[in-house]
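Thank you all for coming; I would like to take a few minutes to walk through a structure that is new to most of us. Please have a look at the sequence and the fold on the screen before I begin.

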Amino acid sequence: MRYKREGFQKLATGSLGGDCVDFKRTDGKNKDFIENCMLLDLDLDRRVGKKIKRDKYKKFNQLDNIQEAIVVYENNMAIGGGAIRRYNDENMELKRVFVHTEYQNQGIGSRIVSLLIEWAAELGYKRIILETGELLAESCAVYRKLGFKVIPNYGPYVNMPESLCMAKDLEN
C-alpha cells in the first residue's frame, strides 16, 4: 500500500531503480508516518505475533511524544519511515522504523536509521537506544551494521526476555 505525501522539510534525495526517493523530516502527527506505523504493526503481527504477545508493547509505541520522524517517498508516494523520541537528557530512542515490503533489502531502512542517528546527534544527544527482538533478524543485522551494540534491557523492557536492546554512542 502506498499513499500520497503532504509538504515537509526535504532532508535527502536519492534514486531507486531510476525513481526519485525523498527522505523528509516531519513528526509523529504526520498522516503518512502514522500509516507507516500501522503497516509496521501489521507486519510485526504477521512475523512474530504467534510467538510473542505484542499487546504489552502498544503502550511503548504511542506516537504522541514523537517530535522527530522521517517519511520516505518514491515518486511522491510514501514507502517507509522511522522516528526518534527523547528518552532522557542523554539518550534518544529509535522508534517505529519500517519500509514497505516491496522496498525492503534495498538499503532504505539503513538510510532511514542513519539519518535518524544524524538527527539525534544534531539535537545534542550522546547516545541512541532501541528495542527490537532476536526474531527480527533483518532489523538486528541493520542495527549491527550501523554500529549498534547489545546492551542490558532498559526501562519497560527489563523484564521482557523476548526483547533485545541495543545502543550506539553518537559523535557530537
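Let me start with Lys 149, whose bridge partner in strand β9 is Ala 167. That pair belongs to the antiparallel pairing of strand β8, residues 149-151, with β9, which runs over three bridges. Strand β9 also pairs with strand β7, residues 127-133, again in the antiparallel sense, and here there are seven bridges. If you want one position to look at in that second pairing, take Glu 131, which stands opposite Cys 165 in β9. Is β9 enclosed by its surroundings or not, and what tells us? Strand β9 covers residues 163-169, and five of its seven residues are buried, so we can call it largely enclosed by the rest of the structure.

I should say at this point that what you see is a predicted model, so please take the values I quote as computed from that model.

Let me now step back to the whole chain, which has three helices and nine strands. Reading from the N terminus, the order is β-β-β-α-β-β-β-α-β-α-β-β. Of the 172 residues, 52% count as buried, and the chain exposes about 9,000 Å², of which carbon and sulfur atoms supply 48%. If we consider the contacts with a separation of 6 or more, 66% of them are accounted for by residues that are 24 or more positions apart in sequence.

The second helix deserves a little more time. Helix α2 takes in residues 108-122, and at 1.5 Å a residue its 15 residues should span 21 Å; the C-alpha atoms at its ends are 21 Å apart, so the expected and the modelled values agree. Twelve of those 15 residues are buried, and therefore this helix, too, is largely enclosed by the rest of the structure. Among the buried ones are Ile 108, Ile 112, Val 113, Leu 115, Leu 116, Ile 117 and Trp 119, and they also include Gly 109, Ser 110 and Ser 114. Just after α2 comes Gly 124, with a positive phi of about 90°.

That brings me to the nonpolar cores. As a general remark, nonpolar side chains in soluble globular proteins tend to be buried together. In this model the largest nonpolar core has 30 residues, and the members that touch the most others are Leu 94 and Phe 148. Two or more residues each come from β3, β4, β5, β6, α2, β7, α3 and β9, and α2 gives the most, with nine residues. What does Phe 148 touch, once residues up to four places away in sequence are set aside? The list is Val 113, Ile 117, Ile 128, Leu 130, Tyr 143, Met 166, Ala 167 and Lys 168, and you will recall Ala 167 as the bridge partner of Lys 149.

Apart from that core lies another one, of eight residues, which include Phe 33, Ile 66, Ala 69 and Val 71. Val 71 lies in strand β4, and with a relative accessibility of 0% it counts as buried. Although Val 71 and Phe 23 are 48 residues apart in sequence, their C-alpha atoms are 5.9 Å apart in space. Leaving out neighbours within four places in sequence, the contacts of Val 71 include Asp 22, Phe 23, Lys 24, Asn 30, Phe 33 and Gly 80.

I would like to finish with three asparagines. Asn 36 lies in helix α1, residues 31-48, and it counts as buried because its relative accessibility is 0%. The side chain of Asn 36 makes a polar contact, at 3.1 Å, with the side chain of His 100.

Asn 76 sits in the loop between β4 and β5, where its phi is near 70°, a positive value in a residue other than glycine. Its relative accessibility is 37%, so Asn 76 counts as partly exposed.

Asn 105, in turn, is found in the loop between β6 and α2, and it has a positive phi of about 65° although it is not a glycine. Is Asn 105 buried or exposed? With a relative accessible area of 78%, Asn 105 is exposed.

Note on methods:
Residues are numbered from 1 along each chain as its sequence is written. This is a predicted model: local features need pLDDT of at least 70, side-chain atom pairs count only at pLDDT 80 or more; totals for chains, interfaces and linings use all residues. Side-chain values use heavy atoms; hydrogens and water are left out. Helices (H or I, at least four residues) and strands (E, at least two) are DSSP runs, numbered from the N terminus. Buried means under 20% relative accessible area, exposed over 50%, partly exposed in between (1.4 Å probe, protein chains only). Contact means heavy atoms within 4.5 Å. Accessible areas come from the Shrake-Rupley method with a 1.4 Å probe; for residues, only the protein chains shown count as cover. A polar contact is a pair of N or O atoms within 3.5 Å; within protein, one must be able to donate a hydrogen and the other to accept it, and residues adjacent in sequence count only if both atoms are side-chain atoms. The expected span of a helix is 1.5 Å times one less than its number of residues. Two strands pair if DSSP finds at least two bridges between them. A nonpolar core is a set of buried Ala, Val, Leu, Ile, Met, Phe, Trp, Tyr and Cys residues joined through side-chain atoms within 4.5 Å.
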